[in-house]
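Subject: The two-chain model, with notes

Hi,

Here is the structure I promised to pass on to you. Please open it next to this email, so that you can follow along as you read.

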Protein chains: 2
Amino acid sequence: MNSFIYDIPTKVYFGENQLGHLGEELGRYGKKVLLTYGGGSIKTIGLYDKVVEEIKNAGLELFELSGIEPNPRVSSVNAGAVICKKENIDVLLAVGGGSVIDCTKYIGAAAYYDGDAWDILLQKVPVDKCLPIIDVLTLSATGSEMDCGGVISNPETQDKIGLLFPVMQPKVSFLDPSITYTVSKYQTACGAADILNHIMEVYFNMDQDLYMLDTVMEGLMKTIIEFAPIAMEAPDNYEARANLMWTSSWAINGFVNGGKRQAWSCHPMEHEISAIYDITHGLGLAILTPRWMEYTLDERTVSKFYQFGCNVLGINPEMEPMEVAKKSIEMVSDFLFKTLGLQSTFTEIGIDDSNFAIMARKACGGGILSGFKPLNQQDIENIFKMCL
Amino acid sequence: MNSFIYDIPTKVYFGENQLGHLGEELGRYGKKVLLTYGGGSIKTIGLYDKVVEEIKNAGLELFELSGIEPNPRVSSVNAGAVICKKENIDVLLAVGGGSVIDCTKYIGAAAYYDGDAWDILLQKVPVDKCLPIIDVLTLSATGSEMDCGGVISNPETQDKIGLLFPVMQPKVSFLDPSITYTVSKYQTACGAADILNHIMEVYFNMDQDLYMLDTVMEGLMKTIIEFAPIAMEAPDNYEARANLMWTSSWAINGFVNGGKRQAWSCHPMEHEISAIYDITHGLGLAILTPRWMEYTLDERTVSKFYQFGCNVLGINPEMEPMEVAKKSIEMVSDFLFKTLGLQSTFTEIGIDDSNFAIMARKACGGGILSGFKPLNQQDIENIFKMCL
């Protein structure tokens, strides 16, 4: 294993009725709060009113940016940065899912930059300052609530770029599983597919495992498989929502990584798809995952599939490793497309092969995606074709 | 499950050759460093010289407190506090195992108090300030490197008290598994018993489980059982030492707890033993653990033993739950006393029943220890007797 630095300072209020701490936490960072959110579902569920009440009760001054898109756009980042500069905002409050939190992270960084925020995504300017960020999570999926990364889209260039900057790490996150009771079956399923893939991107690795972290990842994956169907069936099952929510944070906050330097595979491929077709990230990942597993399975990688099949899916360890591997791909596929009921092909969601070449080239930067199994442009095109 | 606040801000440098960051991290907090350590083994293994070199290279001023005892005494806390006040120390650097780090935490708190440090343990004074603490860990056991607690002994009163204060949380911990290559077989075994019991104190709980955290705990326990024997057999096996070290931190940093309010059982009982007999904490826990399991097993608790036996020890789930439970106690006993080779009875280590009544009364504070199975003074005495 490699050496690593563990540094996840986000404080988390987990559970129901924790919003009473919101005013006190915001107040630590100043008086002027910019509240950021999406299409308004937080108003429908009454969360907006609760948040605003906490802000008012704490004697803080409220500004707002609404309408942040599901695949958040750089135009929203720029719009937020303008408000921050004009109003001298002290602290950002993101209320939403991963898209809102991601966007808010870059608003916090762009508040200190005088040009187009896209320059930050193109890494033309350093990011060493960011306004403090607090969030109230409404969807268990991306893990943005406990990491320092975010993904932004630029519809003009059809690019979607994700970066990590330690200064963008949220200071405080409020995780109330009951807030996710109203998340639809479909979005619950997409979130589960996203969380599962976050863990698989790290777990499927041939070189640098720490047994302890493998056992943790196996537990997290079992948790998703156990509770996603329960949450879909009984949306107000607190245990199910709580397990999905806390797992979503730990799947991608860096802990399970433990110094692995392996590139991810499905995420860069999916980002190219949603950059052009604006589909839900978790859905794109769901369609890609079993095909990527199939494409990467060989004599060299079979032992990892075997470990996964036995320890996560409960396949009989006395079966031949290659049989366990194939069965595990089948079971993942069944989980995503039958149990979660997600669409299983690109064709079904209106994506044909016309952009595969350009998407594949962008996904590997014209070189090699050096993940679990190194993939070049042709490999990625092949995987895309398997998804048709 | 209960609500909880997750707040573990300690930054960790994990792996070999990370000490190059020590000077820069100390320097963030000031110029005057008080280095605290134990009996001098850090000199034998060359660690003292490396640490001093880093401090000098960073242009910091070095003060020292050595001789901190294995069950650290309040006299050492007072001695450290005197140096802090006299020399205007800015930052504390604990180099050692749990005892050194525990003691250093209270030195940091006592630096702001003008009376006897024992008043802090008696909770006569509030602890809302503490000098910043950085540590270099030399033993995988107590988890003090990533939590805000510590246990201090007072030989005059034969008391041993453990408390938690958020301000005592280490700022930065250096965890280099290769530093533990020289830890003896016996201390490696005691450390493993300590880590295992930390997890069991939380895992064995009838009410408030979060499935996800149970799976994490099961993984951590499997890790100890897998790697403690390897580290004893091959002391310089990096994978084994790394797995034990990172597991020791996560066993007790608060993450796996997830809002459980249940009291611990074996720890308060063991503290009374080592308060009088000054034995190694992990050894006392090892002797107590299987007897405590036996005493708490009944129709109400059997399901948790069944879960433990199947998921951690790999016992056939088709066996009767009570049979699985009994077999799991036998396997834990075999692991501690055969595989780890620890002494299995109080008699063997020279402890007789003469203090059982007073120790039992102190362990439950004269009332009920409301843990996994509530225990009164008589119950605790019964468990002590089973250890003879």
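Below is what I found, going from the contact between the chains to a few places inside each chain. Please keep in mind throughout that this is a predicted model.

**Where the chains meet**

Let's start with the interface. Chain A and chain B each put residues into the contact: 38 from chain B and 38 from chain A. Together they bury about 3300 Å², and carbon and sulfur atoms give 64% of that area. On the side of chain B, three residues stand out: B:Y6, B:Y211 and B:M212 supply 20% of the area that chain B buries against chain A, more than any other three residues.

Which elements of chain B give two or more residues to the side that touches chain A? They are the strands β1 (4-6) and β2 (11-14) and the helices α8 (211-233) and α9 (238-252). The most comes from α8(B), with eleven residues. Sorted by class, this side of chain B has 22 nonpolar, nine polar and seven charged residues.

If you are looking for salt bridges between chain B and chain A, the count is zero. Polar contacts are another matter, with 15 residue pairs found across the interface, both residues of each pair being at pLDDT 80 or more.

The chains also share strand pairing. Strand β1 of chain A (residues 4-6) runs antiparallel to β2(B), and three bridges join them. One place to look is A:Y6, whose bridge partner in β2(B) is B:V12.

**A helix in chain A and what packs on it**

Next, please find helix α15 of chain A, residues 377-386. Its buried residues are A:D379, A:I380, A:E381, A:I383 and A:F384. The elements that cover them include α10 (266-277), α11 (281-296) and α14 (356-363) of chain A. At the start of α15(A), there is a side-chain oxygen of A:N376 that comes to within 3.0 Å of the backbone nitrogen of A:Q378.

A good residue to click on from here is A:M269, which sits in α10 of chain A. Is A:M269 buried or exposed? It counts as buried, because its relative accessibility is 0%. Setting aside residues up to four places away in sequence, A:M269 touches A:L288, A:W292, A:A363, A:L369, A:L375, A:I380, A:I383 and A:F384. In sequence, A:M269 and A:I383 are 114 residues apart, while their C-alpha atoms are 9.4 Å apart in space.

Close by in the sequence numbering you will come to A:D278, in the loop between α10 and α11 of chain A. A:D278 is not a glycine, yet it has a positive phi of about 55°. With a relative accessible area of 43%, A:D278 is partly exposed.

**A hairpin in each chain**

In chain A, strand β7 (residues 149-154) is mostly covered, with six of its six residues buried. In a regular strand the side chains alternate between the two faces of the sheet. Here both faces of β7(A) are covered: one side has A:G149, A:V151 and A:S153, the other A:G150, A:I152 and A:N154, and all are buried.

β7(A) is joined by six bridges to strand β8 of chain A (residues 159-164), and the two run antiparallel. Within this pairing, A:S153 has A:K160 as its bridge partner. Four residues lie between the strands of the hairpin, and A:Q158 takes a positive phi near 55°.

In chain B, β7 (residues 149-154) and β8 (residues 159-164) pair in the antiparallel sense over six bridges. B:S153 has B:K160 as its bridge partner, and B:Q158 takes a positive phi near 55°.

**Two loop residues in chain B**

B:A111 is in the loop between α5 (98-110) and α6 (118-121) of chain B. With a relative accessible area of 17%, B:A111 is buried. Its contacts beyond four places in sequence are B:A81, B:C84, B:K85 and B:L131.

B:Q123 lies in the loop between α6 and β6 (133-137) of chain B. How does B:Q123 count, as buried or exposed? B:Q123 is exposed, because its relative accessibility is 56%. Its phi is near 60°, a positive value in a residue other than glycine.

Happy browsing, and best wishes!

Note on methods: Residues numbered from 1 in each chain as written. Chains lettered and ligands numbered in written order. Predicted model: local features only at pLDDT ≥ 70, side-chain atom pairs only at ≥ 80, totals over all residues. Heavy atoms only, no water. Contact = heavy atoms within 4.5 Å. Buried area = accessible area lost by both parts, 1.4 Å probe. Salt bridge = Lys/Arg side-chain N within 4 Å of Asp/Glu carboxyl O. Polar contact = N/O pair within 3.5 Å; in protein donor to acceptor, adjacent residues only side chain to side chain. Nonpolar A, V, L, I, M, F, W, Y, C, P; charged D, E, K, R; others polar. Pairing = 2+ DSSP bridges. Buried < 20%, exposed > 50% of the residue type's maximum accessible area, 1.4 Å probe, protein only.
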